Amino acid sequence: MSKPDELLVDVATLVESGHSNQMSLTVVTGGAVITGRLAPEAVWRQRVSEVLTDSARLGEFSAVFTATARKESPPEYLHFHMARILQGTVGIPETGGMYRVAIADVSAWTMGDFTYSEH
């Protein structure tokens, strides 16, 4: 989208202000369908940092995600956790991943997460 959807920005703003991670959303961006729950950016960054800290090979990158520069402007990104990229009848990764999606790049969206079948 050349101009981000104001309604989607409002949803992201509410997630950020309420510090809730229960909002399920599915978006289409760059031809991919991503489905999962939104998290406030600070919560998302903390979780990514924890995962990296626990990694023997990637631990040095964890500090990048601990910076907490809170902006007063509307959110520009959606922060998904427990999310999957839907490809055919499967969701990748099976256990859910952490994705950061620019709101301006979302071409379509819907409330709720889509289910998928592993068969």
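In this predicted model, the buried residues of helix α1 are L8, V9, V11, A12, V15 and E16. Viewed down the axis of α1, these buried residues fall within an arc of 160°, so they line one face of the helix. A general rule about helices helps to picture this pattern. An α-helix has 3.6 residues a turn, so residues three or four places apart point the same way. On the other side of α1, residues E6, L7 and L14 are exposed. The buried residues of α1 do not lack for cover: among the elements that cover them are the strands β1 (24-29), β2 (32-38), β3 (77-87) and β5 (106-111), together with the helix α2 (41-53).

The length of α1 can be checked with simple arithmetic. Helix α1 runs over residues 6-18, and at 1.5 Å a residue its 13 residues should span 18 Å; the C-alpha atoms at its ends are 18 Å apart, which agrees. The N-terminal end of α1 is capped by D5, with a side-chain oxygen of D5 lying 2.8 Å from the backbone nitrogen of L7.

Attention now turns to the strands. Five of them make an open sheet in the order β4-β3-β2-β1-β5, with antiparallel pairing. Strands β4 (90-102) and β5 stand at the edges, each with a single partner strand, so one side of each is left without a neighbour in the sheet. On average, neighbouring strands of this sheet are turned by 35° against each other, direction ignored. As a reminder, strands of a sheet pair through backbone hydrogen bonds, either parallel or antiparallel.

Individual pairs show how the sheet is put together. Strands β3 and β4 pair in the antiparallel sense over 8 bridges, and H79 stands opposite R100 in β4. Helix α2 packs on the sheet, where it touches β3 and β4, and its direction makes about 125° with that of β4. The link between β3 and β4 is a hairpin with 2 residues between the strands, and G88 in the turn has a positive phi of about 65°. Strands β2 and β3 also pair in the antiparallel sense, over 5 bridges. Here V33 stands opposite L86 in β3, while the bridge partner of L86 in β4 is G91. Residue L86 can thus be followed to a partner in β2's pairing with β3 and to another in β4.

Helix α2 can be examined in the manner used for α1. At 1.5 Å a residue, the 13 residues of α2 should span 18 Å, and the C-alpha atoms at its ends are 18 Å apart, which agrees. The buried residues in α2 are W44, R45, V48, S49 and L52. Seen down the axis of α2, these residues fall within an arc of 135°, so they line one face of the helix. They pack against β3 and β4.

Three residues in the strands deserve a look of their own. The first topic is M82, which is found in strand β3. Although M82 is not a glycine, it has a positive phi of about 50°. Its relative accessibility is 45%, so M82 counts as partly exposed, given that buried means under 20% and exposed over 50%.

Next comes T35, a residue of strand β2. With a relative accessible area of 4%, T35 is buried, because that value is under the 20% limit. The side chains of T35 and T26 are joined by a polar contact of 2.6 Å. Leaving aside residues up to four places away in sequence, T35 touches L25, T26, M82, A83, R84, L86, G112, D113 and F114. This list includes M82, the residue of β3 described just above, and L86, the residue that V33 stands opposite.

Finally, A108 is found in strand β5, one of the edge strands of the sheet. At 33% relative accessibility, A108 counts as partly exposed. Not counting residues up to four places away in sequence, A108 touches T26, V27 and V28. Residue T26 is therefore among the contacts of A108 and of T35, a conclusion that rests on contact meaning heavy atoms within 4.5 Å. The C-alpha atoms of A108 and V33 are separated by 9.3 Å, although these residues are 75 places apart along the chain.

How values were computed:
Residues numbered from 1 in each chain as written. Predicted model: local features only at pLDDT ≥ 70, side-chain atom pairs only at ≥ 80, totals over all residues. Heavy atoms only, no water. Helix = DSSP H or I, 4+ residues; strand = E, 2+ residues; numbered from the N terminus. Expected span 1.5 Å × (residues − 1). Buried < 20%, exposed > 50% of the residue type's maximum accessible area, 1.4 Å probe, protein only. Arc of directions from axis to C-beta. Polar contact = N/O pair within 3.5 Å; in protein donor to acceptor, adjacent residues only side chain to side chain. Pairing = 2+ DSSP bridges. Axes fitted to C-alpha atoms, helices over the stretch in contact; angles between N-to-C directions.
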